[in-house]
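This note is intended for a colleague meeting the structure for the first time. Please read the numbered points alongside the sequence and the 3D view.

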Amino acid sequence: MKARTTRYWGIRRAFATAASVMIGGGSTVLACPVCFGAAETSMIDGAKLGVLVMLAVLFAVQGGFVGFFLYLRKRARLIADIDLETEWSELQGGASRS
């Protein structure tokens with residue numbers, strides 16, 4: 001029974017909040033200068049700079065991952081070459097002894 005009344009009050013609170021926003025606030029009151037469409041404000045410049053900084057961080061992290069995997073690929077090839085040379089030298093050494 002308690003869960004039902006709690007849900008009822010939650011729904012009632014949500015409707016009351018939505019109604020008060022619709023009645024009390026117009027579109028100009030709710031919108032910030034960026035959302036409302038102000039052309040040249042410092043907030044727009046800051047938002048653009050923020051997007052550029054986030055893109056730079058994103059590309060730096062992705063570049064780090066690519067570099068790390070290329071490094072791993074290079075090391076794997078080097079180790080495979082060393083193993084191949086070791087195996088080949090063992091096969092050559094075994095053939096010359098017989």
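The points below address confidence, secondary structure, exposure and aromatic contacts in turn.

1. The model under review is predicted, not experimental in origin. Its average pLDDT is 80, and 70% of the residues reach a score of at least 70.

2. Confidence varies between the elements of the protein. The highest mean, 89, belongs to helix α4, which covers residues 42-97. Helix α2, residues 27-30, has the lowest, with a mean of 57.

3. The secondary structure consists of 4 helices and 0 strands. Along the sequence, this gives the pattern α-α-α-α.

4. Of the 98 residues in the protein, 2% are buried. The exposed surface of the protein amounts to about 8,900 Å², and 69% of that area comes from carbon and sulfur atoms.

5. How many aromatic pairs does a search of the whole structure find? The search returns 1. The partners are Phe-68 and Phe-69, whose ring centres lie 5.7 Å apart. Their planes meet at 55°, and the pair is classed as tilted; the class applies because this angle falls between the cut-offs of 30 and 60 degrees.

6. Are the two partners of this pair buried or exposed? Phe-68 has a relative accessible area of 43% and is therefore partly exposed. Phe-69, at 52%, counts as exposed, because the cut-off for that class is over 50%.

Note on methods:
Residues are numbered from 1 along each chain as its sequence is written. This is a predicted model: local features need pLDDT of at least 70, side-chain atom pairs count only at pLDDT 80 or more; totals for chains, interfaces and linings use all residues. Side-chain values use heavy atoms; hydrogens and water are left out. pLDDT is the predictor's confidence in each residue, from 0 to 100. Helices (H or I, at least four residues) and strands (E, at least two) are DSSP runs, numbered from the N terminus. Buried means under 20% relative accessible area, exposed over 50%, partly exposed in between (1.4 Å probe, protein chains only). Accessible areas come from the Shrake-Rupley method with a 1.4 Å probe; for residues, only the protein chains shown count as cover. Rings of Phe, Tyr and Trp (its six-membered ring) pair if their centres lie within 6.5 Å; planes under 30 degrees apart count as stacked, over 60 as edge-to-face and the rest as tilted.
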